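Please read the following report alongside the sequence and the coordinates, which are shown just below.

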Amino acid sequence: MRAVVQRVSSASVVVDGVTVGAIDEPGLLVLVGVTHTDTPAEAARLAAKLWGLRILSGEKSCSDIGAPLLVVSQFTLYGDARKGRRPTWQAAAPGPVAEPLVEAVCTGLRELGAQVETGVFGADMKVTLTNDGPITLVLEI
């Protein structure tokens, strides 16, 4: 699994003009990509890593201060543009494989005590954020 994690002051996801997920306080925006070989165990590891990642103000984690997370599925994280000008998506897992694993990350976070907002898997989403820092990390699990 691959995740792009951004420390944000606020973030939201809109689908068809409707806000489907939002955090209005400092927390993390997490874009999650899944490849063919990912497993539920890796989803659980990613959830634990996100919950304990110390990148919030004062080197705090979401678990330290109860900060919210907005998790958005992002198959394009496995795009490959090394050849030509058009990326390939061959490394991205298909929806029936990826969707349950993205949901497993959200479930794992909630089981740890996190407040989790989400986008809509497979939808055309408009993501708005106020990056804080800016701090952006790429995680590979």
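## Fold and secondary structure

How many helices and how many strands does the protein have? In this predicted model, the protein has three helices and six strands, and when these are read along the sequence they follow the pattern β-β-β-α-α-β-α-β-β. The radius of gyration is 15 Å, close to the 14 Å that the globule rule gives for 141 residues, so the protein is as compact as a globular protein of that length.

Along its principal axes, the C-alpha trace spans about 40 × 35 × 25 Å. Among contacts between residues at least 6 apart in sequence, 73% join residues at least 24 apart.

## Burial, surface and charge

Of the 141 residues of the protein, 41% count as buried, while the accessible surface comes to about 7400 Å², of which 51% belongs to carbon and sulfur atoms.

The protein carries 12 positive and 15 negative charges, and the mean positions of these two sets are 10 Å apart.

## The surroundings of Val14

Val14 has its place in strand E1, which covers residues 2-15. Which residues are in contact with Val14, once its neighbours within four places in sequence are left aside? They are Thr19, Asp124, Met125 and Lys126.

A separation can also be given for Val14 and Leu101, which are 87 residues apart in sequence and, taken from C-alpha to C-alpha, 22 Å apart in space.

## The aromatic pair

For aromatic rings whose centres lie within 6.5 Å, the count in this protein comes to one pair. The pair is formed by Phe75 and Trp89, with a distance of 5.3 Å centre to centre and an angle of 70° between the planes, and its arrangement is edge-to-face. The pair links distant parts of the chain, since Phe75 and Trp89 are 14 residues apart, and both Phe75 and Trp89 lie in the loop between strand E4 (69-73) and helix H3 (95-112).

Why does Phe75 count as partly exposed? Phe75 has a relative accessibility of 48%, and because the partly exposed class lies between 20% and 50%, this residue falls within it. Trp89, with a relative accessible area of 38%, is likewise partly exposed, because that value also lies between these two limits.

Conventions. Residues numbered from 1 in each chain as written. Predicted model: local features only at pLDDT ≥ 70, side-chain atom pairs only at ≥ 80, totals over all residues. Heavy atoms only, no water. Helix = DSSP H or I, 4+ residues; strand = E, 2+ residues; numbered from the N terminus. Rg over C-alpha atoms; globule rule 2.2 N^0.38 Å. Buried < 20%, exposed > 50% of the residue type's maximum accessible area, 1.4 Å probe, protein only. Contact = heavy atoms within 4.5 Å. Areas by Shrake-Rupley, 256 points an atom, 1.4 Å probe, with all protein chains shown as cover. Lys, Arg positive; Asp, Glu negative; His and termini not counted. Charge placed at Lys NZ, Arg CZ, Asp CG, Glu CD. Phe/Tyr/Trp six-rings, centres within 6.5 Å; stacked < 30°, edge-to-face > 60°.
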